[in-house]
Amino acid sequence: MAAYRVYLGISFALAATTGLVYTTIVVYRVEAAGLDPLQLVLVGTALEAAYFTFQLPTGVLADLGSSRTCVVLGVAVLGVGLVVEGSLPTFAGVLAAQVVGALGYALVSGALEAWIAGEVGTGDLTRVYLRGSQAGLVGTLLGTAVSGVVAARRLDLPLLAGGGLLLATAASLVVVMPARTRARVPAEGDLSALGTVRAAWALIVRRPAFLLVFGVVALVGGWSEAIDRLWGAHLLENFRLPGPDATLWFSVLGVAATLLGLAVTQSLATRTGDTMRTLLVVVAALLVTTIVFGLATNVWVAIGAALALSAARTAFAPVLSAWLVERTDPGVRATVLSARDMFDATGQVAGGPALGALGTWWSLRAALVVGSTALAPAAALLVVARRRLRTAAAGNTNSPPPGG
């Protein structure tokens, strides 16, 4: 199916660019732009705050207009954001690039998942999203493998090359990306933006476990901010990495993490089961591995924990997305997914500055371990959500299977 192949191609291109750029971006931001731990987290906070602001309008735009158009524009805007950051190696320049990038992320996020769901149907979305995740992991593998070599030539080169790749991808999508289906009108029949938001919110509050799962998203978002912004600085500042070049070592780690992620997603794609149980196992694994990573004093223990953490993390987003989309009306699908991402951004904005300050004024280890504490209540919410789903299923034989 053409749409499925295009979806895999988009997932591959976005991830290849991410691997190329973000494998060594911490080196660029620390050494070229001179950012300290607090500034590193403030960069992430700026991204998430702007992302939060753009999320709802872009989700409504995708539902009322065209998910395809949002995806194409978003990929192009992401490319512009990377070029801006690579051209301005200052704290102000990096911050400005985050606002541009946030708009690109907001346009693509939710719209891409809603578009492919409309094209292929919701019968086997978990498998579709996991295959998309695998295509992304292959792209990450490729981008990561060359990132260290490219950055060794010039630290801004991965950003500039990645931006060019995304702009070329957006141009090609104009030609090859199909759009045979459109979202249905919201249940209330209101075609306005406000009507779409109201319909999405009504669906969220009346479906069993939706609000609990959104709470999990916010808590995991708070945890991820510490990991995303500080893990590289933790390895650079607290350990002596093998080899003479940190950028090449980060590429090696990225390749290993991607291979492990492929193994995890392949295992999940070939089996079906209780989605809530899967998410609970993933969150518990993230909690344990983050604590080990933060407290490790041996470089190999820290590397092993980082790899295990990365592998477990690959399962969270595709499984959660499939669970939400399968239970969401097509007319508000992108808006509901945007609401999910707003909860994620809220968690990151709420936790990011405090964790960055903790990392600057106390230690990176402390910031990582404190950040991991958000995962304990996330696991508890998943336990409650699973019970509610089982209760709802017992009272309604037409409902989806409990947890999945």
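This report describes the fold, aromatic pairs, salt bridges and one helix contact of a predicted model.

## Overall architecture

The protein chain has 16 helices and zero strands. Of its 404 residues, 54% are buried. Contacts between residues at least 6 apart in sequence are mostly long in range: 86% of them join residues at least 24 apart.

Helix α2, which covers residues 25-32, contains a run of buried positions: I25, V26, V27, Y28 and R29. Just after α2, G34 has a positive phi of about 70°.

## Aromatic pairs

A pair of aromatic rings is described by the distance of the centres and the angle of the planes. Four such pairs are found in a search of the whole structure. In one of them, Y7 and Y129, the ring centres are 6.4 Å apart and the planes stand at 55°, so the pair is tilted. That angle falls between the cut-offs of under 30 degrees for stacked and over 60 for edge-to-face. Y7 belongs to helix α1 (residues 2-22) and Y129 to helix α7 (residues 125-153), and the pair links parts of the chain that are 122 residues apart. Both Y7 and Y129 are buried.

F210 and F214 also form an aromatic pair, with 6.3 Å from centre to centre and 25° between the planes, and this pair is stacked. The two residues are four positions apart in helix α10 (residues 210-238), and therefore about one helical turn separates F210 from F214. An α-helix has 3.6 residues a turn, so residues three or four places apart point the same way. F210 is buried, with a relative accessible area of 0%. F214 is buried as well, at 0% relative accessibility.

## The aromatic cluster and its surroundings

F210 and F214 belong to one aromatic cluster together with W323 and F343. F210 can also be placed relative to L389, a residue of helix α16, which spans residues 375-395. The C-alpha atoms of L389 and F210 are separated by 9.9 Å, while the two residues are 179 apart along the chain. L389 has a relative accessibility of 9% and counts as buried.

## Salt bridges

The structure holds five salt bridges. One of them joins the side chains of R340 and E113, with an N to O distance of 3.0 Å. R340 lies in helix α14 (residues 333-361) and E113 in helix α6 (residues 111-120), so this salt bridge ties together parts that are 227 residues apart in sequence. R340 and E113 are both buried. A network of salt bridges links E113, R340 and D341.

Another salt bridge is formed by the side chains of D156 and R154, at 2.6 Å from N to O. The partners fall into separate exposure classes: D156 is buried at 18% relative accessibility, whereas R154 is partly exposed, with a relative accessible area of 45%. The cut-off for buried is under 20%.

R327 and E326 also form a salt bridge, and their closest N and O atoms are 3.9 Å apart. The cut-off here is within 4 Å. R327 counts as buried at 10% relative accessibility, and E326 as partly exposed at 30%.

## Contact between α14 and α15

Two packed helices are described by the angle between their axes and the distance between the axes. For α14 and helix α15 (residues 364-372), the axes come within 6 Å and cross at roughly 150°. The two helices are therefore roughly antiparallel to each other, since angles over 145 degrees count as such.

On the α14 side, the contact is made by L355, L358 and G359. On the α15 side, the contributing residues are L364, A366, A367, V370 and G371. By class, the contact of α14 with α15 has six nonpolar and two polar residues, and no charged ones. Helix α14 also holds R340, the partner of E113 in the salt bridge to helix α6.

Terms used: Residues are numbered from 1 along each chain as its sequence is written. This is a predicted model: local features need pLDDT of at least 70, side-chain atom pairs count only at pLDDT 80 or more; totals for chains, interfaces and linings use all residues. Side-chain values use heavy atoms; hydrogens and water are left out. Rings of Phe, Tyr and Trp (its six-membered ring) pair if their centres lie within 6.5 Å; planes under 30 degrees apart count as stacked, over 60 as edge-to-face and the rest as tilted. Buried means under 20% relative accessible area, exposed over 50%, partly exposed in between (1.4 Å probe, protein chains only). Axes are lines fitted to C-alpha atoms, for helices over the stretch in contact, and angles run from 0 to 180 degrees between N-to-C directions. Angles under 35 degrees count as roughly parallel, over 145 as roughly antiparallel, 65 to 115 as roughly perpendicular and the rest as oblique. Contact means heavy atoms within 4.5 Å. Ala, Val, Leu, Ile, Met, Phe, Trp, Tyr, Cys and Pro count as nonpolar, Asp, Glu, Lys and Arg as charged, and the others, Gly among them, as polar.
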